[in-house]
Amino acid sequence: MSQCISKKTLMINEMGIHARSAAKIVKLANKAHFNIWAIRDSEKVSAKNIFDLLSIACPAGVWIEFVVDDAMDIPVLNALTDLAELGFGEINGESAGTPEIRLNGVSASSGICIGRAYVVDMDSIQVIRKYHISEPAIGKELKRFKSAVKKTRDDMIAIINDACQDIREHTDILQTHISLLKDKLLYGKILETIESEKINAEWALKKVTSSLRSKFNRMADAYLKERATDIVHVSDRILMNLVGADMADITRIDRQVILVARDLSPAQASQIKQETIKGFITDLGGKTSHTGIIARSLNIPAIMGLKTATNQIDTDDILIVDGTSGIVIVHPDDSTLMEYALRKIDYEAQLSRFLKYRFVESKTLDGFWLGVMGNIEIPDEAQLVIENGGDGIGLYRTEFQYMGRNDFPSETELFDSYRNVVQQMAPRPVTIRTLDVNGDKALNHSEITEEQNPALGLRAIRYSMKRPDIFKIQIRAILRAAHFGSVRILLPMISSCEEIMEARKMLSIAGEELKQESLPHRSDIEVGIMVEVPSVVVLSDMMAELVDFFSIGTNDLIQFSLAIDRGNREVAYLYSPLHPAIIRMIRQVTENGRKQGIPTYMCGEMAGDPLNIPVLLGLGLNEISMNPQSIPAIKRMISSLRLDACSSLVEEALRLKTTREIMDLLHSTYGSLLYAAV
Ligand code: PEP
Ligand code: MG
């Protein structure tokens, strides 16, 4: 049954609803599937009709209520109020004034938001004075520092306790921050510095923090580099309490804004309430930051790594944040504002329409079933895979449980996590990938010193072979978890047959040991390899005899075969899954798998883009795995295609020499399907 939903907004632009603003309202309202109304006092008119709108005469300072007859049109309602709250871009000539600026950053969470900026100001305490502390006053200074740390700890515990349910699972980073507060490298060193150098606590804090930060920053690894940020966040908080300044308290924001910050700590991000924060952007931060993870679980658009956003944006500037493409538009002009208001409606409407496809069978029109699975990094994400209709887990990146700590997880710890995922998913399959550390995912306590080319270094299976003790613990935990459901094991970064043979040998030893110990387990589970190094493609006929399945990791396969650093923005334009060489490689792997009777799966990002689905079907993939949120859209695509037509399309694509031609072929054949209303 349909249900009326309304939102009230104050006319703040000088002329209220006049011909131009009314035309904008009508343009947005026409996106609604059902009736949409504008109400002033007791007068109710259709928002789709310009003459009706003008007839209710809404000058500045008057409240107007927009009402939709069906929940399906909430995105239109939101866009209308967004625009009205910005005075239709007409306040004080704003729309005609300052030139539009576009900034590019790293997309951390998808979606579009439009609103006013709120710049989180940390500059007020950037200037720290150094002064000398006399011998008798040292004790007092140490006490002052200790009580600032205690206050910081109390504040952080309060944040954890107040965190809303959605983000509570991510507050473990705050726990890490709390433990950092008393770390001897930070806390101990600062106390020591105050005492030995007889300087004030603020200066000692600054000195120790910058030395620790530069130490972390010098590390080649991106993950470790980001840990430097944790130290800065903790020290900022202590500093605030030392100088008595108020931490930029985002909980006090009482209007809807887009946060703009140089950096946003996980502690601050955890305080975000969707009712007031539409989205956020930061100068610093990258993909692996915990703040980005929190943005995704809150489901608000976020862009990080913008470098200069805080210099170019002032509080109250109008902003458009396109989290999907990583673009921020400052002072959008009239037409940009309308363009994005319309895009936002389409994006939100598309998302809610796609959801209905989550439980359709991922079968083509001519009856071919292509498994659609989810990729996860932590056990809690298994629920997201189920909610989005995933047929199982195609990639469980287990390395995250090893990162950000100073020891290796125990067999029991690993077993508990794996069993948790396996039981949540049962009877659906769970593909557990063994440790893929190093490269861009180094361990805190790695014995590996700096590598010249970490992506080509001692990572993944190579590390597991070098540390059989660590590998054994993990595979024992996997075999034990397999007792509770359907588990497959996946070996990362394989480049030779020897590695497969060696890993299989260790698997059977682990199985034998568990048998001797009478611990419940399964040792007959499927063993597969990631296809991400070109040598595996070349040897796929032979390797197919040694494994039970292939799983193509396009993220690395593209990086290694096209020689493009996947994390380097300068060469990102070359990074193309539809490159003719990549298509041929996938074909070679699926063909060799088929001849040997083993399935080929894909768990790289290529699998999560609907445009690629006709190609993947035609190339003979048996199962694909992706970010859980992409599952409904992919299922919709599969259920609208015919396998025979996709196979013909691939035959044609294999004769084309350039990525452009392949893209054009795809767009001309399936573009209408991609962009068709759902
Ligand atoms: C890949 O390389 O495609 C892959 C799925 O692995 P990761 O992204 O974890 O390197
Ligand atoms: Mg990889």
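# A tour in four stops

Start at Met663, which is partly exposed because its relative accessibility is 22%, and buried would need under 20%. Keep in mind that this is a predicted model.

**Stop one: Met663**

Select residues 659-675. This is helix α26, and Met663 lies in it. Now show what touches the side of the chain around it. Setting aside neighbours within four places in sequence, Met663 is in contact with Leu578 and Leu611. Next, pick Ala653. It sits ten residues from Met663 in sequence, and the C-alpha atoms of the two are 9.1 Å apart.

**Stop two: the magnesium ion**

Select ligand 2, the magnesium ion. Which residues coordinate it? Glu532 does so through OE and Asp556 through OD, at 2.1 to 2.3 Å. Colour the two by element of structure. Glu532 is in the loop between β17 (526-531) and α19 (534-538), while Asp556 is in helix α21 (residues 554-561), so the pair ties together parts that are 24 residues apart in sequence. Are these two residues buried or exposed? Glu532 is buried, at a relative accessible area of 2%. Asp556 is buried too, at 3%.

**Stop three: strands β2, β3 and β4**

Select residues 36-40 for strand β2 and 63-68 for strand β4. The two run antiparallel and are joined by four bridges. At Ile36, look across to β4: Val68 stands opposite.

Now add residues 43-46, strand β3. β2 pairs with β3 as well, again in the antiparallel sense, over four bridges. Click Arg40 and find its bridge partner in β3, Glu43. Then look at the turn. The hairpin of β2 and β3 has two residues between the strands. Asp41 takes a positive phi there, near 50 degrees.

**Stop four: helices α7 and α8**

Select residues 184-197 for α7 and 201-217 for α8. How do their axes meet? They come within 9 Å and cross at roughly 130 degrees. That angle falls between 115 and 145 degrees, and α7 and α8 are therefore oblique to each other. The crossing is right-handed.

Show side chains to see who makes the contact:

- From α7: Leu185, Leu186, Lys189, Ile190, Thr193, Ile194 and Glu197.
- From α8: Ala201, Ala204, Leu205, Lys207, Val208, Thr209 and Leu212.

Notes:
Residues are numbered from 1 along each chain as its sequence is written. Chains are lettered from A and ligands numbered from 1 in the order in which they are written. This is a predicted model: local features need pLDDT of at least 70, side-chain atom pairs count only at pLDDT 80 or more; totals for chains, interfaces and linings use all residues. Side-chain values use heavy atoms; hydrogens and water are left out. Buried means under 20% relative accessible area, exposed over 50%, partly exposed in between (1.4 Å probe, protein chains only). Contact means heavy atoms within 4.5 Å. Two strands pair if DSSP finds at least two bridges between them. Donors are N, O and S atoms within 2.8 Å of the metal (3.2 Å for Na, K and Ca); water is not among the atoms, so sites may look incomplete. Axes are lines fitted to C-alpha atoms, for helices over the stretch in contact, and angles run from 0 to 180 degrees between N-to-C directions. Angles under 35 degrees count as roughly parallel, over 145 as roughly antiparallel, 65 to 115 as roughly perpendicular and the rest as oblique. A crossing is left-handed if the near helix is turned anticlockwise from the far one by less than a right angle, and right-handed if clockwise.
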